[in-house]
Structure formats: structure tokens, C-alpha cells
Amino acid sequence: MVTLGDEGFGLDTDSDGSYPFSYGEGVDYEANLAISTLDFGTFHLYPSSWGTSTDWGNLWITAHAAACKAAGKPCLFEECGCFTSLIVFCALACYVLFV
């Protein structure tokens, strides 16, 4: 199985125009999914680092799921993180909110 392990940046599907959906990092998520030798897509979620909210993460997840479905490929929500003084709480919050 082959994938890129990327953040998931550069996505038109359900885009709200925010930084992570933009192409400023030089990545086109949907174009990458179209690579025939790529078996599945991946994406990450770091709302605090990206200037978004944890609620925004739901849009990010559903947009990537829709893009992967349109490409006929599965996708893996690979990483999630946020800034807090309670690291364990942060990991648990990502799990509870988005899984």
C-alpha cells in the first residue's frame, strides 16, 4: 500500500477558503489522489497551528472523506493535535471530537 502521508492541504471540495484548504503550501490534495499508483489518501488535523477551531475540524474531515470517495480511494485520518497545557486532554479531545 502506497500513500503520501501529507497534511491534506490544497483542497477545493467543500472549501471554506481558509489557509489549510488553500494551495499556498504547494500541495493539491485532489491531484495527488488522482495519482494511479497512490493507494489511499491521508490527512492530518492541527487546528491550533492552522489558525482554525476544533469545530472547524469537522469540515476538514468531511471534506477529505468526500474527496477520497470521489477519487474512489480510502483515506486515513492520520494525525491530530492541539496546543494545551494538558497534553493527555488534547489527545483525548481529538479522539472524542473527531473519531
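## The core

Let's start in the middle of things. The largest nonpolar core of this predicted model has 14 residues. Leu11, Phe21, Tyr29, Leu45, Trp50, Trp56 and Trp60 are the ones with the most contacts inside that core. Helix 1, strand 1 and helix 2 are the elements that give two or more residues to this core. Helix 2 hands over the largest share, six residues.

Tyr29 is a good residue to click on here. Setting aside neighbours within four places in sequence, Tyr29 is in contact with a long list of residues, including Asp6, Gly8, Phe9, Gly10 and Leu11. Also among the contacts of Tyr29 are Gly41, Thr42 and Phe43, along with His64, Ala67, Cys68 and Cys75.

## The overall layout

Now zoom out. The protein chain has three helices and two strands, and if you read along the sequence they come in the pattern α-β-α-β-α. There are 99 residues in the protein chain, and 34% of them count as buried. As for the outside, the protein chain exposes about 5,500 Å², with carbon and sulfur atoms supplying 61% of that area.

How do contacts spread along the sequence? Take the contacts in the protein chain between residues at least 6 apart in sequence: 63% of these join residues at least 24 apart.

## Two strands and a crossover

Strand 1 covers residues 41–45 and strand 2 covers residues 75–80; the two pair in the parallel sense over five bridges. To get from strand 1 to strand 2, the chain passes through helix 2 (residues 56–71), and this β-α-β crossover is right-handed. For one bridge you can find yourself, look at Gly41: its bridge partner in strand 2 is Cys75. Both of these residues also turn up among the contacts of Tyr29.

Glu78 sits in strand 2. Is Glu78 buried or partly exposed? Its relative accessible area is 35%, so Glu78 is partly exposed. The side chain of Glu78 makes a polar contact with the side chain of His44, at 2.6 Å. Not counting residues up to four places away in sequence, Glu78 touches Gly5, Thr42, Phe43 and His44. Gly5 is 73 residues from Glu78 along the chain, yet their C-alpha atoms are separated by 7.7 Å.

## The segment before helix 1

Helix 1 spans residues 29–33, and Ser18 has its place in the segment before that helix. Because its relative accessibility is 16%, and buried means under 20%, Ser18 counts as buried. The Ser18 side chain makes a polar contact with the side chain of Asp16, at 2.6 Å.

Next door, Tyr19 is found in the segment before helix 1 as well. Tyr19 has a relative accessibility of 38%, so Tyr19 counts as partly exposed. Which residues does Tyr19 contact, leaving aside neighbours within four places in sequence? They are Phe9, Glu25 and Trp50. With Glu25 there is a polar contact, side chain to side chain, at 2.7 Å. Tyr19 and Thr52 are 33 residues apart in sequence and, C-alpha to C-alpha, 8.8 Å apart in space.

Asp14 lies in this segment too. Asp14 has a positive phi of about 55°, although it is not a glycine. Asp14 is partly exposed because its relative accessible area is 45%.

Notes:
Residues are numbered from 1 along each chain as its sequence is written. This is a predicted model: local features need pLDDT of at least 70, side-chain atom pairs count only at pLDDT 80 or more; totals for chains, interfaces and linings use all residues. Side-chain values use heavy atoms; hydrogens and water are left out. Helices (H or I, at least four residues) and strands (E, at least two) are DSSP runs, numbered from the N terminus. Buried means under 20% relative accessible area, exposed over 50%, partly exposed in between (1.4 Å probe, protein chains only). A polar contact is a pair of N or O atoms within 3.5 Å; within protein, one must be able to donate a hydrogen and the other to accept it, and residues adjacent in sequence count only if both atoms are side-chain atoms. Contact means heavy atoms within 4.5 Å. Accessible areas come from the Shrake-Rupley method with a 1.4 Å probe; for residues, only the protein chains shown count as cover. Two strands pair if DSSP finds at least two bridges between them. A crossover is right-handed if, with the strands pointing away from the viewer, the path from the first strand over the helix to the second runs clockwise. A nonpolar core is a set of buried Ala, Val, Leu, Ile, Met, Phe, Trp, Tyr and Cys residues joined through side-chain atoms within 4.5 Å.
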